[in-house]
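I opened this model to look up salt bridges, cores and surface patches. My notes follow in the order I made them.

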Amino acid sequence: MARGSGWLKRAITGACVALLVVILGGCSMFSGPQAVNHPAGSNMQTIWNLFVPIFWMSVVVFIIVQGVLIYSVIRFRRKPGSPEPHPTHGNTKLEITWTILPALILAVITVPTLATISSFAKKPGAGSMTVQVVGHQWWWEFDYPGQGVVVADEMHIPIGVPIEVELRSNDVIHSFWVPKLAGKQDVVPNQHNHLSFTANEIGTFRGQCAEFCGAQHANMAFTVVVQSQADYDAWLAKQKLPATNIPSSDQLVAQGKQVFFTAGCVGCHTINGAELNGVQALGIVGPNLTHVGSRTGLAGEVLTQTQANIATWVHNPQKVKPGTLMPNLGLTVDQANAVAAYLESLK
Ligand code: CUA
C-alpha cells in the first residue's frame, strides 16, 4: 500500500509541474504583442468567437476521457495477490456510443467552422478601403492604390473602415499575420490572395510573417497603426507630399544626401521629389524611403527607427541582418552617419 501511494504522489507532482509549465508558458501568449485573446479587429473577433466554444468543448472531452482513463488505471491496477484479469471482448453498446458521440461533436464543430471560413472569402462591399501588400524577403511593402503612396514596415489604416488587403509576393511564399486584427493569409507568388477585416480599436499592432521564407523570416515584422479617420487622413496627406526640403544649413544632412545619390542607394530606393544634380531616386527594389524618418521600425523591424540605428544598418546591413538583399556598400562610419542624418530628416 505504501508503495502504491508513493507512485501516486510522484504522478500528481509530475502533473502539477507540467501544468505549471504550460500555464507560465502561456503568459506571453495572453499578454504579448502577438496575443490573440483580446481581438481588436473583426476578423480576429470572429475567429476568437469560434475558438472559445470549441476550446471549452475540448476541455470537457479531455476531462471526461482522461478522468475515466486515470480512474481505470488506479481502480483496476494490479494489486498483490489479485487474480489473473478476466479477458473480455467487445461491447456493442459502448462501441456504438463512442462512435456516434464523437461524430456528433465533430459535426457541431465543423458546421460553424466551415461557415466562418466561407464568410472570410467574401470581399467587403461599398465603403471599404484597399491596401496592396507586397511581401519581400524580408520586409513588407504597403501600397495605397490611387493615392501614389508606397510605404514599408508600417501600415496605417482608419478605425471602423472595412479594409481589403490584397496580398502579393515579390519572391517566395510569405504569410500576412496581424494576430490581434486578423487570421493568417498566405502571400503566394503569382497569386492574388486577399484578406479583409475592420479594426475596432485605435493603437499600434504588431504584424509578423508567419510562413518560413528564408534566413531572416523571423525578422520580417511590421506595424499596423490604426488611427481615427482624421489622423489617418492627415497621415495620408503627408505621405503624398514629396520628400522634405533639406535645410541647406545642415551640413551633415547635405553630406548624407550627397552620399545617398552617389554611392548607389538610388539604384534600389525611391525618395519622391528628391533630386541631386539631375539624378533622382527612383529605385523600386528596396523600400520606398520618401518619409522614412517618420516610421518607427527599420528593415522588417529588426531595428527600431533611430538615426543611430540607421547608421548601423547602412554601414553594414549584412552584420545586422545576414542574407538581406541590402548590399554592403562599403560606406565609412562618417558616410553612414551622414546618410542616417539625411534619411532621419525625411519626416
Ligand atoms: Cu516572409 Cu517569413
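**Surface patch**

I started with Ile70, which is found in helix H3. The model is predicted, and I kept that in mind throughout. Is Ile70 buried or exposed? Ile70 has a relative accessible area of 48%, so I logged it as partly exposed. Ile70 belongs to a nonpolar surface patch of about 540 Å². Its other members are Trp7, Leu8, Ile12, Leu69 and Val73. Two or more residues of the nonpolar patch come from helix H1 (2-25), and likewise from helix H3 (42-75).

**Salt bridges**

How many salt bridges does a search of the whole structure find? I got three.

Glu164 pairs with Lys123, with 3.9 Å between the closest N and O atoms. This pair links distant parts of the chain, 41 residues apart. Glu164 sits in strand E5, while Lys123 is in the loop between helix H4 (92-121) and E1. I then checked accessibility at both ends. Glu164 is at 5%, so it is buried. Lys123 is at 55%, so it counts as exposed.

Glu166 and Arg168 meet in another salt bridge, at 3.7 Å from N to O. Glu166 is partly exposed at 23%. Arg168 is partly exposed as well, at 29%.

Lys347 and Glu344 form a salt bridge at 3.0 Å, N to O. Lys347 is partly exposed at 41%. Glu344 has a relative accessible area of 15%, so I noted it as buried.

**His194**

Next I looked up His194, in strand E8 (residues 193-198). Its relative accessible area is 19%; the cut-off for buried is under 20%, so His194 counts as buried. Which residues does His194 contact beyond its neighbours within four places in sequence? I listed Phe120, Ala121, Lys123, Glu164, Val165 and Gln185. Both partners of the Glu164 and Lys123 salt bridge are on that list. The side chains of His194 and Glu164 also share a polar contact of 3.4 Å. I checked Val133 too: its C-alpha atom is 9.4 Å from that of His194, at 61 residues along the chain.

**Cores**

The largest nonpolar core has 34 residues. Those with the most contacts inside it are Phe142, Tyr144, Met155, Ile157 and Phe176. Elements giving two or more residues to this core include strands E1 (129-136), E2 (139-144) and E5 (162-169), E8, and helix H5 (229-240). Another core, of 29 residues, lies apart from it. Val253, Ala274, Trp313 and Val339 are among its members.

How values were computed. Residues numbered from 1 in each chain as written. Predicted model: local features only at pLDDT ≥ 70, side-chain atom pairs only at ≥ 80, totals over all residues. Heavy atoms only, no water. Helix = DSSP H or I, 4+ residues; strand = E, 2+ residues; numbered from the N terminus. Buried < 20%, exposed > 50% of the residue type's maximum accessible area, 1.4 Å probe, protein only. Contact = heavy atoms within 4.5 Å. Polar contact = N/O pair within 3.5 Å; in protein donor to acceptor, adjacent residues only side chain to side chain. Core = buried A, V, L, I, M, F, W, Y, C linked by side-chain atoms within 4.5 Å. Patch = residues over 30% accessible without salt bridge, like charges linked within 9 Å, V, L, I, M, F, W, Y side chains within 5 Å. Areas by Shrake-Rupley, 256 points an atom, 1.4 Å probe, with all protein chains shown as cover. Salt bridge = Lys/Arg side-chain N within 4 Å of Asp/Glu carboxyl O.
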